[in-house]
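Student: I've got a model open and I'd like to go through the labels on it one by one. Can we do that together?
Tutor: Sure, let's pull it up and start.

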Amino acid sequence: MLLNEAFADFIKRGREDLGIVLAVFAAGAVLQAEPGVVGVAFTTVGSDHPVQLCYAPPNGDVTLTTGLPTNVPGYQWYFNGRPMDSKTNPASLQLSNLQPHQAGYYVLREPGGEFHSPFALSVLDLPTAHIDTTFTADVDSRGWIIGSDQSGAIYMMLPTLNSAGTTYSDQPRRIRPDGTIDQSYIFPESAGYILTVLPDGSVITSQSPYRLTPNGKPDPITLPSSLHHDSPLRLAAQDAAGRVVLGQRVTIETPSTTTMETSSSEQHWLLARINADGSEDTSFHFEPIHRGAISQLVASVSGGYLLGYYTYDVVASPARTRIIARLGDDGSLLSKLITVNSENVRWLSFAERHDGAIVVERDYKYSKSLQTHQSNGEIEDPAKSLHLNLGVGWRLMPDGALVHTNDNLPGFVRRSSTTFEADPSFFINNSHDQPPSPGLVTGFMPVGEHYLVVVGRFADWAGHPTRGLARIDLNRAHYDTPPPGGSIRRTQNGDIRDHGSLQGGDVVELAAAIESTGFMSFDWIPIFAQNLPSNPTLPRMVYVSFAAEHLGQVGLRIGNELGVAAVAPVRFELTEQVRLANLSGRIWTEPSLEKSILGFSLETRWPELTAPVLLRAVGPTLRRFGVSEFLPDPNLALFDSAANLIGTNDDWRALPPDFDPAFKVGAFPLESGSKDASLTVVLGRGTATVHLGDGPQDDRGIALLEIYEIENGFNDDGYAENRLTNLSLRSFTGQGEQVLIGGLAIQDPHGFGRSARVLIRAIGPSLSNHGVANPLKNPLLNVFSATGELIANNDRWGDAPEVEAIRIKSREVGAFELAPDSNDAAILLSLPDGSYTLHVEGVDGESGTALLEVYLIDE
């Protein structure tokens, strides 16, 4: 039984317009018997409940620990969506003498009703790694490996107490081939840090003396004349001839050329080379890099060097251009093999195989991918790549294969071939430590041809005392005889849908991307007891009409003669909330009245995010809708929360449909050549106000103020980044055509029949406390559906049956407080998807200034 990618790409996540985030069975594992693979390595995406993968052997024990306080009553454990008997306390769960039927999903519900992160428990008879028992280490688990020499000694950075014994600092230490720390190896503080370990055991350091012998004694280097003696070294690389290229970043001052200018400085990266005897190699000439940095330099197997670096032009583009180039033996730039100019790729790193091919890692925001390039930079096979989670490390083995860790099941190291196929005969894991933490692997490095050294947080490895550092015999880490059972092979990626956004009523298919020639059982499990379709024991499960009752996490247990594996669940979650799709107000204005003001609030997921919005003041186009007394020439002005003017418009300008914001949001078109006003702006989180003005003749009439959010703004996880949450319209209201009317549209983006909880207020008499001279004395608030049906009304908020809820919600959304006996009106409603109109008028036919407010309530 081996760890592998036999069960992979279970669900391919769609992101573009999905408001539902799905966990991906991305590099998974199942039971494989030919050539023998068992694994439990998956990834989840964007989950507030990240799954914790753990395992135990048959008849073994496991403790599931949540880290929550143990002295709080009311905990309830659930297994596969059902409450467990007599498992109400404490916050950790102990399971003994485990059997395959106990594999599945365990989740703790806290006293407040919240569910803790689920545990996916597999019951598998996993073999232990073949450890080199002649190597016994005792190092701090926080250390990391720098390199090794030809004797098998390892050089690490380890936390070390200072001379006073009070604080720790990371210091280079030498680990002998038998695993013991070489106490005689003293690294001088003046040397800075180790840049590279040379085959003979000497090291190149960042600062003077720049080289130490294998026993740590100074072996000083005189820096080449082209380098600056007052700046530390940043990188070093030795070639087959024993020559060492040294890299340095320096600051170069550029003097001013006129009395009006000031001097400036730039960062430059320099390379120079020394011979094996330490003398300067004057045949090496490298053109300095400025406005950039060098990330990697290695001697190429074909001669010369491979250089990884980036450059940027702060004027032309904010994106860095990342480059992998080939240098000649003399340091000249021969060719740029790979060039990437994309903000999506944060970094490039690479390793060269013995045959001259180059394995290149592209580091994205949430993941990384590896592809093989030929020696000329061309991709060897575009269809072949390896996708890893961002926290996963990888190394190139001497034979050209790759080994990499797995941050979802951190006690494992996996191997892939030169074509990125999982190696089914390679299995390294630390299954001795107590699950679900089977020894975290934080780093590793090939040592010679036959060993792999792993470093991490473990007290021992496979029962062998080797705290923090273990050495694996690669020759013995291969299994020649697979265990018996059916065979499973990887198939094409499964996909949820072929097109579009996942909506209520859609057909959703979950498919296990495997094929089996032997016995295999499948059990789809609702982790939070939501409903499943009628076929939960087949490799393929279909939701004929996806509904709200199916939301939650769905896990899959797969078993055969080797045991049962519980894999990371698929998570169906609504990531976009019910929204106020657009807000509007129809008002009457004339010169003698106070100017009408529309206020709104924009909420963003993060403070630095912005959102484009469309604002319109419609007058002349209203005649198309039967309005005769329209405002002939409206204009609008937009102010931020500090009353700073940030945008104005008088007469709108027509745009092609592809560029017209009104076309994008579905707003009715304005008449060509009309004097309506339209303004598109990009705003950040907070409040803003739109002031309505009239034309130069001080005309009177009806105008429509509108605000639309042009883009919902989805982030990389599929979560909506921004939304409108509040409308406040202050304007005159009278009778007939002069009634103040507000409009709003409630939108459930996924069609699951969700409603929005809204607080609607019509403020009249309380406006006198805020400087309004002629407030409406007794406003009547009516709410109508799109068909004209009266849904609710109110003219004294203190008489409303939900008066206490109105008081609480007003306080929560930041609305000013109303006096209990005031004639202001307020209604608290749950409104389903649709359009609504709100009328504000005087109860006894009076007129005056009123404030109409709409607040979106999150519950």
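**Labels and their reasons**

Tutor: Leaving out residues up to four places away in sequence, glutamate 361 touches Trp347, Leu348, Ser349, Lys368, Ser369, Leu370 and Trp394. Keep in mind that this is a predicted model.

Student: Why is glutamate 361 called buried?
Tutor: Its relative accessible area is 7%, and buried means under 20%, so glutamate 361 counts as buried. This residue lies in strand E26, residues 358-363.

Student: What makes the pairing of glutamate 361 with tryptophan 394 a polar contact?
Tutor: The two side chains come to 2.5 Å, and the cut-off for a pair of N or O atoms is within 3.5 Å. The glutamate 361 and tryptophan 394 side chains therefore make a polar contact.

Student: Next is arginine 586. Is it buried or exposed, and how do you know?
Tutor: Arginine 586 has a relative accessible area of 19%. Buried means under 20%, so arginine 586 is buried.

Student: Where is arginine 586, and what does its side chain reach?
Tutor: You'll find arginine 586 in strand E46, residues 579-589. Its side chain reaches the backbone oxygen of glutamate 737 at 3.3 Å. Beyond four places in sequence, arginine 586 touches a set of residues including Val627, Ile702, Leu729, Glu737 and Val739.

Student: What makes leucine 158 a buried residue?
Tutor: Set 4% relative accessible area against the limit of under 20%, and leucine 158 is buried. Leucine 158 belongs to strand E12, residues 154-161.

Student: Which residues is leucine 158 in contact with?
Tutor: Setting aside neighbours within four places in sequence, among them are Val139, Asp140, Ser169, Arg173 and Ile181. For arginine 173, the C-alpha atoms are separated by 6.6 Å from those of leucine 158, with the two residues 15 apart along the chain.

Student: On to the backbone. What is odd about asparagine 59?
Tutor: Asparagine 59 has a positive phi of about 70° although it is not a glycine. Most residues other than glycine have a negative phi. Asparagine 59 sits in the loop between strand E4 (52-56) and strand E5 (62-65).

Student: Why is asparagine 59 called exposed?
Tutor: Exposed means over 50%, and asparagine 59 has 52% relative accessibility, so it counts as exposed.

Student: What about phenylalanine 420: buried or exposed?
Tutor: Phenylalanine 420 also shows a positive phi of about 70° without being a glycine, in the loop between strand E31 (412-416) and strand E32 (428-429). Its relative accessible area is 6%; with the limit at under 20%, phenylalanine 420 is buried.

Student: Which peptide bond is cis, the one from serine 208 to which residue?
Tutor: To proline 209, with omega near 15°. Most peptide bonds are trans. Proline 209 is in the loop between E15 and strand E16 (211-212).

Student: How many cavities of 30 Å³ or more does a search of the whole structure find?
Tutor: One, with a volume of about 60 Å³. Its lining includes Ser295, Tyr309, Arg322, Ile324 and Trp347. Strands E22 (305-313), E23 (317-327) and E25 (347-352) are the elements that give two or more residues to that lining.

Student: What classes of residue line the largest cavity?
Tutor: Six nonpolar, two polar and one charged.

Student: How do you know where the predictor has low confidence?
Tutor: Look at the pLDDT, the predictor's confidence in each residue, from 0 to 100. Over residues 480-500 the pLDDT is below 50, though the model gives this stretch 61 contacts beyond near neighbours in sequence. Residues 713-720 also stay under 50, and there the model has 36 contacts beyond four places in sequence. For the protein chain, the mean pLDDT is 79, and 80% of the residues reach 70 or more.

Student: And how many helices and strands does the protein chain have?
Tutor: Two helices and 61 strands. Buried residues make up 54% of the chain's 859 residues. Of the contacts between residues at least 6 apart in sequence, 63% join residues at least 24 apart.

Note on methods. Residues numbered from 1 in each chain as written. Heavy atoms only, no water. 1 Å grid on protein atoms, 1.4 Å probe; cavity = no way out; pocket = protein on both sides within 12 Å on 5 of 7 lines; lining within 4 Å. Points joined across faces, edges and corners; volume = space filled by probe spheres on them. Helix = DSSP H or I, 4+ residues; strand = E, 2+ residues; numbered from the N terminus. Nonpolar A, V, L, I, M, F, W, Y, C, P; charged D, E, K, R; others polar. Buried < 20%, exposed > 50% of the residue type's maximum accessible area, 1.4 Å probe, protein only. Polar contact = N/O pair within 3.5 Å; in protein donor to acceptor, adjacent residues only side chain to side chain. Contact = heavy atoms within 4.5 Å.
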